[in-house]
Amino acid sequence: MDTLQFLLDGFLVALAPGNLIWAAIGVLVGTAIGVLPGIGPALTVALLLPVTAGLEPTAAFIMFGGIYYGAMYGGSTTSILLNTPGESGSIVTAIDGHAMARQGRGAQALATAAIGSFIAGTIATLLLTFVAPLMVRFSLMFGPAEYFALMVVAFITVTAVLGQSAVLGFASLLAGLALGLIGTDRQTGVARLTMNFPELLDGVGVVIVAVGLFAVGETLFQASRHRFQKEEIYKIHGSVWMSREDWKRSWRPWLRGTFIGFPIGALPAGGSEIPTFLSYAVEKRLSKNPEQFGHGAIEAVAGPEAANNASAAGVLAPLLALGLPTSATAAIMLAAFQQYGLQPGPLLFASNPQLVWGLIASLYIGNLFLLLINLPLAGLWVKLLLIPRPWLYAGILIFATLGVYSVNNSVFDLALLWLIGLAGFGMRVLNIPVAPCIVGLILGPMAEQHLRRALAISQGDLSVFYNPTTHPIAVTLMIIALGAVLVPMALRFRSARQA
């Protein structure tokens, strides 16, 4: 009953006129950004971090939540009509969605994606409402050793999952940890790695690194790779309404995709890619006409799109309850929390329930906005694909530069932004994932503090991390982290031997 009361209080916050406007803005911006190829929610939230610095935190996060949900849906428009996924979670949608567009059924593909996103998002947000408080109760049993082990899990899983190479992922993580060391030691007051720059005594700003790596670096990479040639866009023909047969073939995949996407998104090694591929495989296995898959099966659009949007809510559960990011966008939202001096976790639920429950309630409202906006305005989103790419990339770079400068009016921040942006461009060229760097920068100093506290309490006894009798949770988390490293290595070794 407490959860329902908190949710009702959250709706009072989310339904305030000002917050409703921010939710609508977030959904519109998120959908528009999701439609544009190569520009996802992580880049958008990073770009808006300096701009929203003056906003009240609840309003800012309601907008960020709308952007996240909107971008997860918007990627389906590009996938279906252009065969170019706007988000990694929309890769599977492109297979049969674009085939439907070539057959003149693009409107029906967009409709099943929109309705499936609404159903999956609503059910998954309902699950988030009840799962997050349970995770908070679990985290109340944590001490310094358990929190350090949890952050090790975050380091390992984000590094192992985001990117094609674990070695490159760990290189990115180490770079982030090194950036986190810059500044004044919180316990001794000694300046570390500041290179005699007084601007670095407070450390490297998370906003500068997030905007540099995601906005500047990603935009430079996309611009350098784009061929600036005219792409074939399949126009929407006829009514967007689905036939009775389409409804019959879609409703079960919507539900199955939801219950595949949410739990996997909530796992430390979750994200949106795994559940969408898994949903596609499940629908193909259960279909009476598996030969249609790859040639325009509507189930292959309905299921993965539902899994994609359900995983978005799943990602928010460990982020809000434990402060554990499981995707690139979650890492940027963690940076947004730090921008406001907030730390996700059980203390956030206790100290700032208005923000947490207002955000959760706004997800229900934003999900309804998505359905009402996307069904009638599908043709409008397609026109965004006609924006010349040089204009788009130049606008993003100017917006990022002005945004970072406006925070402190510092030329040093601008120089640091572009230095980190060029490093981010180099990382993308070398296929080094940038999300582990952000996670290392944010969680690194916190992991250091918890490690010091755990060792101080135990008087230097390292058994607090491997003694199952005294610290079973810490030991379990360490085993999970070790498994996240060893299992993929064993699978690759097995595949190599079979090959």
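**Exercise 1. Identify the residues that form one aromatic cluster, and describe a ring pair within the cluster.**

Step 1. One aromatic cluster consists of Phe 61, Phe 64, Phe 337 and Tyr 340. Rings of Phe, Tyr and Trp (its six-membered ring) pair if their centres lie within 6.5 Å; planes under 30 degrees apart count as stacked, over 60 as edge-to-face and the rest as tilted. The model is predicted: local features need pLDDT of at least 70, side-chain atom pairs count only at pLDDT 80 or more, and totals for chains, interfaces and linings use all residues. Residues are numbered from 1 along each chain as its sequence is written, and side-chain values use heavy atoms, with hydrogens and water left out.

Step 2. The structure holds 9 aromatic pairs. In one of them, the ring centres of Phe 6 and Trp 357 are 5.7 Å apart and the planes stand at 15 degrees, so this pair is stacked. Phe 6 belongs to helix α1 (residues 2–14) and Trp 357 to helix α15 (residues 353–374), so the pair links distant parts of the chain, 351 residues apart. Helices (H or I, at least four residues) and strands (E, at least two) are DSSP runs, numbered from the N terminus.

Step 3. Burial is judged by relative accessible area: buried means under 20%, exposed over 50%, and partly exposed in between (1.4 Å probe, protein chains only). Phe 6 is partly exposed at 39%, whereas Trp 357 is buried at 4%.

Step 4. Within the cluster, the rings of Phe 61 and Tyr 340 have centres 5.9 Å apart and planes at 55 degrees, so the pair is tilted. Phe 61 lies in helix α4 (residues 57–82) and Tyr 340 in the loop between α13 (328–339) and α14 (346–351), so parts 279 residues apart in sequence are tied together. Phe 61 is buried, with a relative accessible area of 0%, and Tyr 340 is buried at 17%.

**Exercise 2. State where Val 206 lies and which residues Val 206 touches.**

Step 1. Val 206 lies in helix α9 (residues 206–225) and is buried, with a relative accessible area of 15%.

Step 2. Contact means heavy atoms within 4.5 Å. Leaving out residues up to four places away in sequence, Val 206 touches Ala 335, Gln 338, Leu 441 and Ile 442.

Step 3. From C-alpha to C-alpha, Val 206 and Ile 332 are 9.2 Å apart in space, with their positions 126 residues apart in sequence.

**Exercise 3. Describe how helices α6 and α10 cross.**

Step 1. Two packed helices are described by the angle between their axes and the distance between the axes.

Step 2. The axes of α6 (residues 106–139) and α10 (residues 244–266) come within 9 Å and cross at roughly 35 degrees. Axes are lines fitted to C-alpha atoms, for helices over the stretch in contact, and angles run from 0 to 180 degrees between N-to-C directions.

Step 3. The crossing is right-handed; the near helix is turned clockwise from the far one by less than a right angle.

Step 4. Residues making the contact include Ile 115, Gly 116 and Ile 119 of α6 and Trp 247, Trp 254 and Phe 259 of α10.

**Exercise 4. Compare the settings of Asn 196 and Asn 431.**

Step 1. Most residues other than glycine have a negative phi.

Step 2. Asn 196 has a positive phi of about 65 degrees; its place is the loop between β2 (191–192) and α9, and it is exposed at 75%.

Step 3. Asn 431 has a positive phi near 65 degrees. Asn 431 is found in the loop between α18 (411–429) and α19 (435–457) and counts as partly exposed at 37% relative accessibility.
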